[in-house]
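Here is a walk through a few positions in one structure. Keep the sequence and the coordinates side by side as you read.

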Amino acid sequence: MSSAPESPPAKMAMSSILNADDIKKALDAFAVADSFDHKKFFEIVGLKSKPHDDVKKVFTVLDADNSGFIEEEELKFVLKGFAKDGRDLTDKETKAFLRAADKDGDGKIGVDGKYKHLNPAVHV
C-alpha cells in the first residue's frame, strides 16, 4: 500500500554520499560511550573534503524531521543517520556537539551556513 500523502520523501542513503568503509571506520572509532569527537568523526567519514552540495545532502539526511534544522533530539541519534547500527550519543556528547555546532545559540543547527563544523572549507 502507499504511504500517507503527508509523508516526506524517502531519505537518501548516507552511503550514496560517503564511502561505506569510511562510515564503518568512523562508527567503530567512536563505538564507546563518551568517546565521540565530531571533528574527528567527520574527518574519518571524509566529509571535510566533500563539496558544499554533498555537505548539504548529509545535513538533509541527518535532519530527521525535515525542519531545516538539526535539534538536540535529532543530534542524539546522529550516528544512526550514518548507519542503522550506529549508537546513540550520550547526553554529554549530544550537549557538547550542540555547543560546538550551534554558533548562534538558538539550540539547533541550521542548514544555511551553520554547518561549517562539518567542513571548515565550506564558506557560504
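Start at helix α4, residues 72–75, which holds E74. The model is predicted. E74 is buried, at a relative accessible area of 11%. That value counts as buried because the cut-off is under 20%. Which residues touch E74, once neighbours within four places in sequence are set aside? They are L62, D63, A64, D65 and F69.

Now turn to the record. UniProt, in an unreviewed entry, lists E74 under "binding site". The listing also includes D63, D65 and F69, and these three residues are among the contacts of E74. S67, D104, D106 and K108 are named there too. The "binding site" annotation of the unreviewed UniProt entry covers D102 as well.

Move on to the loop between α6 (91–101) and β2 (108–110), where D102 sits. D106 lies in the loop between α6 and β2 too. Are D102 and D106 buried or exposed? D102 is buried, with a relative accessible area of 12%. D106 is partly exposed, at 36%. D106 falls in that class because partly exposed spans the range between the buried limit of 20% and the exposed limit of 50%.

Finish with L47. Find this residue in the loop between α2 (38–44) and α3 (52–62). L47 is buried, and its relative accessible area is 0%. Now look for I17, 30 residues from L47 along the chain. How far apart are the C-alpha atoms of L47 and I17? The separation is 9.1 Å.

How values were computed
Residues are numbered from 1 along each chain as its sequence is written. This is a predicted model: local features need pLDDT of at least 70, side-chain atom pairs count only at pLDDT 80 or more; totals for chains, interfaces and linings use all residues. Side-chain values use heavy atoms; hydrogens and water are left out. Helices (H or I, at least four residues) and strands (E, at least two) are DSSP runs, numbered from the N terminus. Buried means under 20% relative accessible area, exposed over 50%, partly exposed in between (1.4 Å probe, protein chains only). UniProt positions are given in the numbering used here, feature names are shortened, and annotations may be inferred rather than shown by experiment. Contact means heavy atoms within 4.5 Å.
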